[in-house]
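Reader: I'd like a close look at one part of this thing, the helices towards the end of one chain. Could you walk me through how they pack?

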Amino acid sequence: MEQFFQQLTNGLAVGGIYALIALGYTMVYGVMKLINFAHGDLFTWGGYLGLTLLTSFLLQDRLGVLAGVGVLALMVMGLVGLMGVLLERAAYRPLREAPRLSAVVSALGASIFLQNALMLLYGAQFQVYPDGILPQGSVDVFGLRIPVVRILVLLASLVMMAVLYLFVQKTKIGTAIRAAAIDQGAARLMGIDVNRVVSIVFLIGPALGGSAGLLVGLYYGQVNFTMGWVYGMKAFTAAILGGIGNIPGAMVGGLLLGVVEALGAAYLSIAWKDAIAFCVLILILIVRPTGLLGERVAEKV
Amino acid sequence: MDRKLLAAYGAAALLLALAPRFLDAYWVDVLDNVGLYALLALSLNLILGDAGLFNMGQAAFYAVGAYTAAILSTRLGLPVLYALPLAGLAAAAFAAVVARPVLHLRGDYLLIVTVGLGEIVRIALVNDVFGLTGGANGIFGIPRPILFGHKVKRPEDFLYLIWGFVAVTVFLFHRLEQSRFGRALNYLREDPVAAEGSGVDTVRYKLMAFVLGAAWAGMAGSIYAAKMTIISPESFGFWESVILFLIVILGGSGSIPGVLLGAALVVGLPELFRGFATARMLVFGLVMMVMMVVRRQGLLPLRRVRFKAADVARAERERAAARPAPARAEVSP
């Protein structure tokens, strides 16, 4: 039982990270009907930029741990968000009217480019985060000893998800995003600048993904330039699981996938851990392509 | 097939036949690799180019073929060339089983699922599935093929074996392109709804494209196993599939000469610029982005069959020649 709850909380923390990345996939898909394959690599860039900023400014020493990491997260989000906007301008906007395959190939190219740029800049080895940024130790919750880091990671992702949800539901820009997702043409007729909405989506999605990269660095203590595609695939699975294009769906899907994976790794087989997410992905696409709460993605045959 | 293309194939065949006289073993080996990738890319081209199915798990079929050949030849002592058709069959059977449930997925989702399939196969191989695949170390000691009593061992022997197989493949796939099957696939790619409306059984043809493409990749896999004598799961990872995808897209999807050119560029060019070996994938990524904006159809795009002025004139002549016949038929009764 002890192990079950440990794996459950671990799964929730990892799931929170998946959910943050999945939000980027799902928002871009909602507005553009495009799978942004480069999203996983923007996430990795978040992890690397976080490390660089962390070691060069040492904010946690100057501002204290929580404020320092908070400012750091904002800087990472800003930078990765900017990269997302530039990526959309360079690789996706010229292909807005092109056939689907072209945009998909361009996205894959962008993914390969971003990943290898990181390798050339930082080298192929794992990059290690300095120890003890976040408080170590653990707290007692109902008789369970749960590491503080785990709770902080889960809290951070939940807070960001809540902010995003309120932003999309309550603000004027959020309404424009939702309108563009339903019908771009009609949104344009209502005076919504769809290009600007797309830019905003490509700012927010990668910003959340970048913050997830930072969280992975803080949680596991190391980042690698190839981690983007495994996390990306899993987050994408989470987005499909919840129903792609659906923001609450991505949150639920991410947390669920994290838990399923952690429990599967603990009780079935650790060696097959990475295969679990892919099996979930294939099963959900075959059995219920709409996801738990989402739109239809498969054609009827 | 038009004459210019035939002449180009002839020239390429001649150059390849003479290559061992002018190149050292290293460069002959590079040509072997180009040939192997050309085979694999042609097999993917059937699925991605002709049928328009975004398959990014081709390495999985390649792996099934390679491992089948390796297991048959090391455990049962079957000569590796006899294992070649069996490897093709195994890959085809595997494709038939795994592709059927996912065929109906829309373009980019099919791509994601095939990435997942490829990854599951790789993880299965690493985990020594059925106790046959040797785990992360793979299988070693695969015997060399023996052809007409001659042991195929040196790179130049493999050059003839591989490129001979490529030549047969190119011939067969050109024939396939012209066949009812090939035309049905093209129709399917251009407009699935219209194709279905005209009586093309879309599911069956898509599945056949997958099965045939997988069979070819499986056979290429058995040649790879025989060439390397060692195979391990790393050789069949996600990046193999990406490179094959890139070859087809870069060369011109659906176009056989385009795919051959793509294989030569993607596999051969990095060898010329070895100093930049680490930047290879970076350049590939950039090329993919730029190509999609600048030249979406690929370097040597598929030429569509269309009526030329000469064809129309010929049809007119034939009709004129045929006209007197019905006139006489009218008179006779």
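Author: Here is a walk through those helices, followed by a few loop residues.

First, the ground rules: this is a predicted model, where local features need pLDDT of at least 70, side-chain atom pairs count only at pLDDT 80 or more, and totals for chains, interfaces and linings use all residues. Residues are numbered from 1 along each chain as its sequence is written, while chains are lettered from A and ligands numbered from 1 in the order in which they are written.

Start with α10 (residues 227-242) and α11 (residues 247-267) of chain A, whose axes come within 7 Å and cross at roughly 120 degrees. Helices here are DSSP runs of H or I with at least four residues, strands are E runs of at least two, and both are numbered from the N terminus. The axes are lines fitted to C-alpha atoms, for helices over the stretch in contact, with angles from 0 to 180 degrees between N-to-C directions. That angle makes α10(A) oblique to α11(A); under 35 degrees would be roughly parallel, over 145 roughly antiparallel, 65 to 115 roughly perpendicular, and the rest is oblique. The crossing of α10(A) and α11(A) is right-handed, meaning the near helix is turned clockwise from the far one by less than a right angle.

Who touches whom? On the α10(A) side you'll find A:Lys234, A:Ala238 and A:Leu241, among others, and they meet a set in α11(A) including A:Gly253, A:Leu256 and A:Leu257. Contact means C-beta atoms, placed from the backbone, within 7 Å.

Now bring in α12 (residues 273-287) of chain A: its 15 residues reach 21 Å from first C-alpha to last, close to the 21 Å expected at 1.5 Å a residue. That expected span is 1.5 Å times one less than the number of residues. Among the buried residues of α12(A) are A:Phe278, A:Val280 and A:Ile284. Buried takes 20 or more other C-beta atoms within 10 Å of a residue's own, exposed takes 12 or fewer, and partly exposed is in between. The cover over the buried residues of α12(A) includes α10 and α11 of chain A, plus α5 (107-126) of chain B.

Two loop residues are worth a glance too. A:Lys33, in the loop between α1 (2-32) and α2 (39-57) of chain A, has a positive phi near 55 degrees without being a glycine. B:Thr229 is also not a glycine and has a positive phi of about 60 degrees; look for B:Thr229 in the loop between α9 (202-228) and β4 (230-231) of chain B. Most residues other than glycine have a negative phi.

Notes
Contact = placed C-beta atoms within 7 Å.
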